[in-house]
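Me: I would like a close look at one part of this structure, namely the strand pairing in the sheet. Please take me through it step by step, with the details of individual residues where they help.

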Amino acid sequence: MNAKLHKLIGTAALGLALFSNSLPARAGLATRNEVYIDPSGTTAQGSLTGARYSADNGQYIGCDVYFDRRPNSGPWASAYCFAGDKTGRSTYCSSTDARFIDAVKGMTDSSHLYFRVSSTFTRVCSDLEVTNDSAYLK
Amino acid sequence: MKTNLKKALGLAALSVTLLANTIPTWAGFVTTSLVSIGGNQVSRWASGSMEDARYSADSRQQIGCRAQILSTYSWTTCYATDSAGRTLLCGSGDWKFLETLRGMTDSSQIYFETNSTGSSGACTNIVIANSSDLLK
């Protein structure tokens with residue numbers, strides 16, 4: 001009887017410790033946008049959280065910024081956006097337009113991205129949308 | 001009996017260790033900034049933090065901003081929905097607003113104002129605030 005009581009107290013204390021340190025309860029409006037790439041690979045969209053926490057292990061989406069000041073090639077800056085969906089389709093584009101670079105600098109861990117590739121040959125971005133919205137938070 | 005007592009003490013000690021060393025306890029100064037929308041006879045405004053909207057008790061609150069870069073123009077949009085379902089949206093082609101969005105994080109507090117008394121209009125003011133008290 002005593003043994004059971006001790007075990008119970010121990011387990012309860014452990015549970016309390018774990019419970020009191022857990023993250024906030026997830027309520028509020030939430031949208032999980034997984035990665036979608038149109039069949040021609042011209043447009044891609046999705047949220048970073050939607051891709052990262054999707055059920056499959058193939059989805060990704062993101063943008064990078066580059067600055068190169070090497071004497072032989074720089075100075076130049078560019079933005080590079082890329083995505084892969086759950087079917088294995090992937091696409092990417094890049095731009096040296098300062099406006100695109102600025103938009104990528106505004107990304108957070110939960111941003112939703114939409115980008116359009118002007119031509120699948122040159123791979124230059126023609127449109128980019130970066131949305132930071134409470135609904136995309138994990 | 002002794003073994004059980006030791007077991008219980010061990011579990012209790014483990015619990016205390018976990019309590020002290022896992023995720024930090026949530027102390028420090030904290031502000032709750034749920035989505036609110038207001039206005040007067042000449043303008044309307046909305047305010048709220050991204051995290052407080054996301055983790056609010058209701059499923060209506062939402063606040064955010066979007067930067068759109070198109071080949072011919074750039075556009076900034078900020079929008080909010082409060083717990084009562086009221087909405088406000090502002091938009092602008094002013095480059096300075098796009099620059100302001102660069103300062104956003106997942107915990108940012110957003111404040112924006114429009115010169116309209118309706119539910120949408122031109123942005124006149126966007127404030128992105130980042131502060132420790134807004135962190136979850």
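Reply: In this predicted model, the place to begin is the pair E1(B) and E2(B), which are joined by four bridges in the antiparallel sense. The two strands form a hairpin, with four residues between them. Within this pair, Ser36(B) stands opposite Ser47(B) of E2(B).

E2(B) spans residues 44–49 of chain B and is mostly covered, with five of its six residues buried. Besides its pairing with E1(B), E2(B) is joined to E6(B) by six bridges, and these two strands also run antiparallel. Here Ser49(B) has Gln109(B) in E6(B) as its bridge partner.

From E6(B), residues 109–114, the path continues to E7(B), residues 120–129, through six bridges in an antiparallel arrangement. One position in this pair is Glu113(B), which stands opposite Asn125(B) in E7(B).

These pairs belong to an open sheet of eleven strands with mixed pairing, in the order E1(A)-E2(A)-E6(A)-E7(A)-E3(B)-E4(B)-E5(B)-E7(B)-E6(B)-E2(B)-E1(B). The edges are E1 of chain A (36–37) and E1 of chain B (36–39); each has a single partner strand, so one side of each has no neighbour in the sheet.

E4(B), residues 74–81, also appears in that order and contains Trp75(B). This tryptophan counts as partly exposed because it has 16 C-beta neighbours inside 10 Å, whereas a buried residue needs 20 or more. Apart from neighbours within four places in sequence, Trp75(B) is in contact with Gln68(B), Gly91(B) and Gly93(B). Its C-alpha atom is separated by 7.9 Å from that of Trp95(B), a residue 20 positions away along the chain.

One further residue deserves mention, this time in chain A. Arg123(A) is found in the loop between E6 (112–117) and E7 (125–133) of chain A. Its phi is positive, at about 65°, although the residue is not a glycine. Most residues other than glycine have a negative phi. Arg123(A) has 14 C-beta neighbours inside 10 Å and therefore counts as partly exposed.

To return to the starting point, E2(B) is paired with E1(B) over four bridges and with E6(B) over six, while E1(B) is one of the edge strands of the sheet.

Key:
Residues numbered from 1 in each chain as written. Chains lettered and ligands numbered in written order. Predicted model: local features only at pLDDT ≥ 70, side-chain atom pairs only at ≥ 80, totals over all residues. Pairing = 2+ DSSP bridges. Buried ≥ 20, exposed ≤ 12 C-beta atoms within 10 Å, placed from the backbone. Contact = placed C-beta atoms within 7 Å.
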